[in-house]
Each structure stands twice: as structure tokens, then as C-alpha cells.
Amino acid sequence: MFKKILIANRGEIACRIIWACQELGIKTVAVHSEADRDALHVRFANEAVCIGPAPSAQSYLNIPQIISAAEITNVDAIHPGYGFLSENKHFAEVCKECNITFIGPRPEVIHSMGDKAEAKRTMRAAGVPVTPGSEGLIDDEEAAIREAERIGYPVLIKATAGGGGRGMRVAYNRAELVNAYNTARSEAEVAFKNSGVYLEKYIANPRHIEIQVLADNYGNVIHLGERECSIQRRHQKLIEESPSPAVSYELRQEMGRIAVEACQKIGYNNAGTIEFLLDEDDQFYFMEMNTRIQVEHPVTEMVTVSDLVAAQIRIAAGEPLNYKQEDVMFVGHAIECRINAEDPQTFRPSPGRITTLNLPTGPGVRVDTASYDGYFVPPHYDSLIAKVIVHSRTRDRAIARMRRALEAMVVEGIKTTIPLHLKILNDPDFKAGNISTRFMDRFLN
Ligand code: MV4
């Protein structure tokens, strides 16, 4: 097992990784920017290294600085968390060249899932259902029209270098298509320096359902069920839950089996998530694969009584998975609310000093946070200040528990999205599990 790990991240996920290391008896090294000197991950870690000024590009994305910190402190491995360098193939390669274990999959897998058209081709070849669409990239208007007419309108044009909803255009007819195609291409060129786009049948009112997988370095793969992530705004998830109210036992078995087989075929290792669109007829289609630990991993941990971050570390250290698919248990229902330092009406960031913080506690309540009473939320990073996760026997009870937790939570000095979460929790459609990716449209003024 590793003796010392460097955490190349900040905020709640840096703390979460340190907690796992502490339980495994592994020493930790925090890295931080000049804006994060008073951050909790810096205090929790055994050692801390300042890696640069506040802007991420000069600190949390600065590969030479992070590798230097790793060498100076003599760590065995680096955990990248989510965001920042977590899905950067080059960073994973540099770690390898420096004899530092990157806690995540092989660089080639990270790369192949980063290009969305290639990821789709790879998954299709591995037997995963994909959305009907073009074979690969679409090189000119004529090809776009031909494909759209073969698939049938409406169609979606997606940037191959995009992902997470960036660089998408919908077209309902030929006139819209030509315009959408050209706009998508030039936007992709500007945003990603890659104008490659492909075409897909547009699925109306889908749910976002993702399957969590764990794969060791010896070809053993298990799934830990699904997460329902349809409650999101502008591709930022607000609430996630497990299980999904839309997924039956049989559907879970099928989606899980397909995810596991795909991972075996592509030689996947470490934790990963396969995202699907689920349509109104229970058909599911591969969307993207995330090769990192995700923000919403705790809901899976609650219902499967697992520790995904510890599993990532064990796998990276070369341990085989110590449980089989039959040993994975699914107990009750978990919900996560992402509490952001934002105006709940305008979604504008609300950084600043937290003058009072009272976190919810009690049965079935977990809070993953790096905030504390008197903490200054810096304006330079994403606005997630806490994840409130609840677990109970049933979805109804989990909702009641979340409402109780959020009503008890006090954050003064900055604005938060707590009032919006309470509104969603009281919504009749949400309570009935009647949700899709368009759910939040109704809440936006
Ligand atoms: C789609 C789709 C409908 N049809 N693809 C958005 C994120 C990116 N990964 C893919 N996305 C979508 N792809 C087809 N063929 C609708 C979306 C989509 C969406 C997906 C998941 C969660 C929220 C979403 C919000 C709007 C659109």
C-alpha cells in the first residue's frame, strides 16, 4: 500500500480524499494556491505545499508545480479528485514518467473517452447501445444533410471535443440544420481548437442516468448501480439520487451488465462512470464516460455501503477487488443536494466570508464540505461549498430527511442555493419521481 499521497485538488473533494487516506493509514500532502492558505484541506493534511497564485491555471492546473511538490515530499501517488487535472491524459503520463502512481485509469483510456466521437465508437464496438447517429465526424454541409435525413429530425450536432453539454446544437429541419452545423463547427473551433462535430438523433425529455463501476488492474469489474442526475441547470447538477425512481431491478441489471462488459472489453481500470440518456420508452443510450471520481459519488456510497475513494486508492496500489458483483448490496435511498455559494434566483456566484455556519446532523445525514465558521469562500473557483447527503429506507423518507436537514442548515454572510433546493423538494413532480433533464426549466424565471 502507498505510504504517502498528494492530493492535486482543493475544497470538499480534497478533504474527502484525505479522510479516506487517514482511514487507510496513508500520509497526505495538500497542495494549495495563495488564495487557499486558510483552506481546510491544508489543515487536515500532514504536509502542505503552496503551488502558485490564485488562478487555477497557475496553481491547480500547473503540472510542473504539482510534480515538484510531489517530488519534494516524496509521495508514492497523486489523487487528482474531479475537475482540474483529473481527466488530463498528459498529467497521467507525466506522473508515470516520474514514477508516481496516478490514481485513475491508464492515460490511453482517459484519452479515448475524452474525444466524444471516439468514445462513442469504442462503446458501440463494446456492445453498448448508442444514440442513432453518424458513424463519425461530419465534414461538410452535404454530409450533414444526408445524415440528418437518414436519421430523421430533430437532430443534435455535438462537438467531439465537447462534453458535459458544451458545444451542442439542435436542428428541427433542413434550414436549421445547415445553420446549426456551421455554428456548431465554428463554436467548437473557438472553444476547443477542434471543429470536429458529429450528428445524433435528438432524444426529447431524457433522463440522465449513470452507472458507477469499479475495475481493478486484473480485469475484475463490478457495478454499483445507478445515479439519477436529471435535476440540473445548464449542465450543472443540483440534486442527484440513487436509486433512480425510473430504474427497475431488471433495467439496473441490464444497464449494469452492459457497463461491466464494456469496461472489460476496453481494459478499463479504477473507478468510472458511464452516462446514459434514458428515454420515455426505457431505451438507454451511451452518452459519455467519466474517468474520474464524481461529485455525486456519495449517494452510491450510501446505498452500497462502500467507500469509492478508498477503493480507488486500493486499486491504484495494485490490490484486486475484494468483492464480487453478488456481494454488492443495495440498501434504501440516498439523495444529495449540492449547496452552492450562489444567488438562488440568478445563480450568480456569491463568494465572501461565511459569518455563521451550522451544518445539519442526525440520523442518516452526511455533509461533505471544506467550509467552516468564518471561512472566506474565494471567488476564483467553483461555487460548491457543501454537499448534503441523506440516506433512508425509502425515497419519500429520504426527501423528508433532506428537507429536515436543509431547514436546520444555517449559512450566513453569503447567499446559497438552499432555498432553491427546498423549493424543488416540495415540488409535486419531484416528489412523484416525475423528472427529466427539462425539470428545471419550470423553475427559471
Ligand atoms: C443528448 C440529448 C438529447 N439527445 N443527446 C447534454 C450533456 C451531454 N453529455 C449530452 N447532453 C445531451 N445529449 C441526444 N442525442 C440531451 C442532452 C441534454 C442533457 C443530457 C443530460 C443531462 C442534462 C441535459 C440537458 C440538456 C440536454
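Me: Leaving aside its neighbours within four places in sequence, which residues is Asn426 in contact with?

Reply: Contact means heavy atoms within 4.5 Å. With those neighbours set aside, Asn426 touches Arg403 and Lys431. Before we go on, this is a predicted model, in which local features need pLDDT of at least 70 and side-chain atom pairs count only at pLDDT 80 or more, while totals for chains, interfaces and linings use all residues. Residues are numbered from 1 along each chain as its sequence is written, and side-chain values use heavy atoms, with hydrogens and water left out.

Me: Where does Asn426 sit, and is Asn426 buried or exposed?

Reply: Asn426 is in the loop between helix 13 (418-425) and helix 14 (428-431). Helices (H or I, at least four residues) and strands (E, at least two) are DSSP runs, numbered from the N terminus. For burial, under 20% relative accessible area is buried, over 50% is exposed and in between is partly exposed (1.4 Å probe, protein chains only). Asn426 has a relative accessible area of 40%, so neither of your words fits: Asn426 is partly exposed. The C-alpha atom of Asn426 is also 9.5 Å from that of Ala400, 26 residues away along the chain.

Me: Okay, let's zoom out. How is the chain divided?

Reply: Into domain 1 (4-103), domain 2 (132-201) and domain 3 (207-443), with bounds from an automatic or database domain assignment. Between the C-alpha centres of domain 2 and domain 3 there are 30 Å.

Me: How do I read a sheet, say the one with strands 7, 6 and 8?

Reply: Strands of a sheet pair through backbone hydrogen bonds, either parallel or antiparallel. Two strands count as paired if DSSP finds at least two bridges between them. Here the order is 7-6-8, in an open sheet of three strands with antiparallel pairing. Strand 7 (166-171) and strand 8 (197-201) are at the edges with a single partner strand each, so one side of each has no neighbour in the sheet. From one strand to the next the twist averages 25°. Five bridges link strand 6 (residues 155-163) to strand 7, and Leu156 has Val170 of strand 7 as its bridge partner.

Me: Which helix packs on that sheet?

Reply: Helix 8 (residues 174-192), which touches strand 6, strand 7 and strand 8. Angles run from 0 to 180 degrees between N-to-C directions, with axes fitted to C-alpha atoms, for helices over the stretch in contact. The direction of helix 8 makes about 175° with that of strand 7.

Me: What about side chains along a strand, as in strand 1?

Reply: In a regular strand the side chains alternate between the two faces of the sheet. In strand 1 (residues 4-7), Lys4 and Leu6 point one way, Ile5 and Ile7 the other, and all are buried. Strand 1 runs parallel to strand 2 (residues 27-33), joined by four bridges, and Ile5 stands opposite Thr28 of strand 2.

Me: How many aromatic pairs are there?

Reply: Rings of Phe, Tyr and Trp (its six-membered ring) pair if their centres lie within 6.5 Å; planes under 30 degrees apart are stacked, over 60 edge-to-face and the rest tilted. By this rule there are eight aromatic pairs. One of them is tilted: Tyr372 and Tyr375, at 5.2 Å centre to centre with 50° between the planes. Tyr372 is buried at 18% relative accessible area, and Tyr375 is buried at 8%. Tyr60, Phe84 and Tyr381 make up one aromatic cluster.

Me: Which charged end sits over the ring of Tyr372?

Reply: A charge sits over a ring if NZ of Lys or CZ of Arg is within 6 Å of the ring centre and within 35 degrees of the ring normal. Over Tyr372 it's the charged end of Arg43, 4.7 Å from the ring centre. Arg252 lies over the face of Phe330, at 5.9 Å from the ring centre.

Me: Which backbone oddities should I look for, such as at Pro154 or Phe84?

Reply: Most residues other than glycine have a negative phi, and most peptide bonds are trans. The bond from Tyr153 to Pro154 is cis, with omega near -5°, and Pro154 lies in the loop between helix 7 (141-151) and strand 6. The bond from Ser242 to Pro243 is cis too, again with omega near -5°. Phe84 has a positive phi, near 35°, and is partly exposed at 29% relative accessibility. Phe347 also has a positive phi, near 65°, but is buried at 11%.
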